[in-house]
Amino acid sequence: MMRPLLKNNLGFLSVVCCSLTLLSSCNKKEDPSAEDPPGKEAATSGSPKSGPSPEEPASGQTAEEPAPVKPKAPEETTGNEPDTSSPDEPTTVVVGDEGNAADSTGFGAVSYPYRIGKYEVTNAEFCAFLNAIAKRDPHSLYDGRMAGEQGGITRTGSFGDYRYACKTGWERKPVSYVTWETCLRYCNWLSNGRGEGDTEKGSYRIEGGSISLPDHAALSKGKTTRWVLASESEWYKAAYYDPGKDGSGGYWPYACKGGSAPPCNLSSNAIQEVGSYATVTAYGTFDQNGNLWEYNEHRSGNKVGLRGGSYFINDNDSYLRSSTRYDVLSAKWPNYGFRVVALGTGRSQASSTPRKSQAPSAPSPTPKPEPQPVRTKARTFYISSSEGNDNLEGSAPTAQGGSGPWKTLTRASVEYIPGDTILLKRGDTWDEELHPRGSGTPAEPITISAYGEGNRPVIDRKDFRKDLAGIRLRDQGGFKISGIEFNRCLTGIYADYSDGAPTKEFIWIEDCYFHDSLLYQHYEDYPRRKIGLGICFFSYERDNRVVLKDITIKGCIFRRLASAFWTNSPDNFNKNASYIYNFANMNFESCLFEEGFQWQQGIRGVVGGSMRHCVTHDIGRGFRSFNGVAGSMFFRCKDWTFEDCEWGFVSIGLGSGDGEAFDFEGNCDNMTMRNCLFHDTDGPGFLLCCYASDGHAHTGILMENCVINGKSKRPIGLPRCAIVNTTDWNESTWEECRFYLSKGEALMRVMDPEKEKRTKFVNCLVTDLSASCSTPNLALGAKASSKSTEPSAGKANDGNPGTAWTGRADTGEWLQLLFPRAQTVNEIRLREAPTSSITRYQIQYADSATGTWKSCFNGMKIGDDFIAPIVPRKTRGLRLRVMTTEKGKPSIREFEACRGTGRIFNDVNGSRAIQVMGK
């Protein structure tokens, strides 16, 4: 959606871009895909300098830098001896003094005792984690940079048999290149007893993009130890609180006793072994200042907490202070690490995989499990909520002997192989999620479809306000889903892809019906705050890398959804993350998007795609959006083609902004639209916006033979116009397009005029809406008929508004005109009788190439006189298909068809378009 932005802000943006260019030339990265280090985002104190790039060599070091020393016991006795001596669990120290007051910063108050890691998690500890559960590594816990200069772990073997080892001399150095989510998975693994313990359930419940954070106070009362990532107050208390300070307890400014920064490897460009510096906190922890920045459990939107300072060059003493904290994007950086906290008493929950006890010097080898037989032949599985039984094999559509259909989707959420088919019984309903495991291939997809007679099988989650999906995929591809209905699911089909996940291909969704999910919350906080969606593909990938390609959505209906279809990622609303494409080759064909709130296609970060014969209709009615309504919104996309599509009746509802049919929001390049119609909008027909990005304008926008009849009923901060162009930098060409302007409506308005103008109009036509259908009425020579074979059909094209055709009240009534020969039609006029109350209709044309009726206009109310310009069609006939009426029978006084004309308009740079006004 459009954001107000003054011209001097764009100038400032240019200065920032120049500054960043100079900075990047001073701090050149060897790894072009690396992200910026901490120190820039959401700082609450000071103005720390930006850190170097991850691969930057050390420079300018002096002899005065503190030299690391061997770990030794602290000078003072803290009374907090490590309470974990088992090699199975990290060494911790006890943090008591529960009920202490918070510091002036608001942090540090903890009402319960806990144990915190004496050291940061080391490469050796993390290596044991990887060897236990990352032989396939579906969650990308390992990063290839761990084997590089600033990492401590290597990986060998192949997928399914990965093996990990510490680099010599790096065993006791802290692990880095981990995300915040990886830290939580490590805590779950510890809580579940290590071994092959679950990483997705434990202290944290991780389901795709949804992560449930635990109640630490409640866990502290448990009789089983649960491991967690330190909350910010737990981390803060262990670092800065001293129960003996001033006799009653208080906080030090650094993670040690006294008022000065402790000796550490700050800004040394060298990671040290944990505990290399003798200075400890009051509770006996090492390295809470220096070595690595440490994640804590704090989360705000898509950002997480970081504290402590690191070895990176340009880190300074202010980074170590208790008053310094950062909210950052979870990322794999060489100076990001973590330490854990243990809550509760006793040992951790036993792993589901028994472990042999091991001596520290000579661990006993873990025996490999016996290989299980792998199914190689594809099968068909049946599920019926009305006739099934989960004790059966699911191998037959009806129960016979020991075989028959399964009953639940939970039972069907098992591992599948390429070519398998999962069939749901038509007429049955489930209030469950189907989560099939495994992936198919484009040649042999895993198919989810229907069997039997009757209506589509329905996945009805009953309450769209709850975070419940219909079908869920995680890091999966090779699926074909067809003939399923999704009702009241928060998201009908939800597929997410991990940071670093292998690229998947082929998702085909056809003939599915998604409806009734209208939950709406702040979209920038997605997925923490939820939005009702038909389909969502979500990527956690941070780099410019495709995680899923070859996606087809065909013949689907999306109705009464907050948004129908999204592609998204945590970075998609970061204005400084341009040109990130995580999805590729996405194609929509013959889909209907209707009665939704906002953005029925919210497409972000997709390279290569198409939309053909799709209709987006009746959007925003009765809805208030915090940031405006558009029929469709494309952001950071390139190389798309749109053909024979329609966007109409987009409302600003209860006071929302914008109200345009289509929105190219930012960073859209090489986007071509042909034969597309944009009509009946509260705002402009079309928006070219670049303010949501980091100043990059659109390039290569080509509009061919398109029609805009927005009507622009309500302004959005500019005089009424057909096209809003936020800046002349946007590059668009309009060839042989037709613009219908109402009185006082401009052809184009530019919010931020620039000397460099990149809009071009070639052989376009401008028509005053008031002059439409003023050419000869082609319908007068046509033969009229209707579905109900009423003799009154001819009264709809007799040129006499005093007579009318009246049809039957049943669903699907139609009235058609057949011409003596093919005619080119581009304007249609409808006049409804006073007794009629049509609320939804479609105008179709006879397509001679296919011998079928095809849609050319989707309408709502008609009233006394309604003009419907269409993309020019050469046809032998037109049909008015009545879909719904408020009451009574449909009745049409006149059904007119014309070949309208207009004023030819050419403009080499868009400077004249702002002067063209409707009369």
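In this predicted model, I843 stands opposite L880 in strand β52. The contact belongs to a longer pairing. Strand β50, residues 838-847, runs antiparallel to β52, residues 866-885, and 7 bridges join them.

Strand β50 also pairs with β51, which spans residues 852-859. This pairing is antiparallel too, and it has 7 bridges. Here Q844 stands opposite S855 in β51. The strands β50 and β51 form a hairpin, with 4 residues between them. In this hairpin, G851 takes a positive phi near 70°.

How much of strand β50 is buried? The count is 9 of its 10 residues, so the strand is largely enclosed by the rest of the structure. A residue counts as buried when its relative accessible area is under 20%.

Helix α5 is mostly covered as well. The helix covers residues 232-240, and 9 of its 9 residues are buried. The buried residues of α5 include the charged E232, E234 and K237. Also buried in this helix are W235, Y236 and Y240. S233, A238 and A239 complete the list.

Attention now turns to internal space. Rolling a probe the size of a water molecule over the atoms shows where empty space is left. The structure holds 5 cavities of 30 Å³ or more. The largest cavity contains about 110 Å³ of space. Its lining is made up of 13 residues. Closest to the centre of this cavity are D467, R472, Y494, Y526 and K530. Two strands each supply at least two residues of the lining: β20, residues 469-474, and β23, residues 491-497. By residue class, the lining of the largest cavity divides into 6 nonpolar, 3 polar and 4 charged residues.

The second largest cavity has a volume of about 80 Å³. Which residues line the second largest cavity? Among them are A255, P262, P263 and C264. Y277, T279 and T281 also belong to this lining. The run F286, D287, Q288 and N289 completes the lining. These residues divide into 6 nonpolar, 4 polar and 1 charged. The charged residue is D287.

How values were computed
Residues are numbered from 1 along each chain as its sequence is written. This is a predicted model: local features need pLDDT of at least 70, side-chain atom pairs count only at pLDDT 80 or more; totals for chains, interfaces and linings use all residues. Side-chain values use heavy atoms; hydrogens and water are left out. On a 1 Å grid over the protein atoms alone, a cavity is a set of points where a 1.4 Å probe fits but cannot get out, and a pocket is an open set with protein on both sides within 12 Å along at least five of seven lines; lining residues have an atom within 4 Å of a point. Grid points are joined across faces, edges and corners, and a volume is the space filled by probe spheres set on the points. Buried means under 20% relative accessible area, exposed over 50%, partly exposed in between (1.4 Å probe, protein chains only). Two strands pair if DSSP finds at least two bridges between them.
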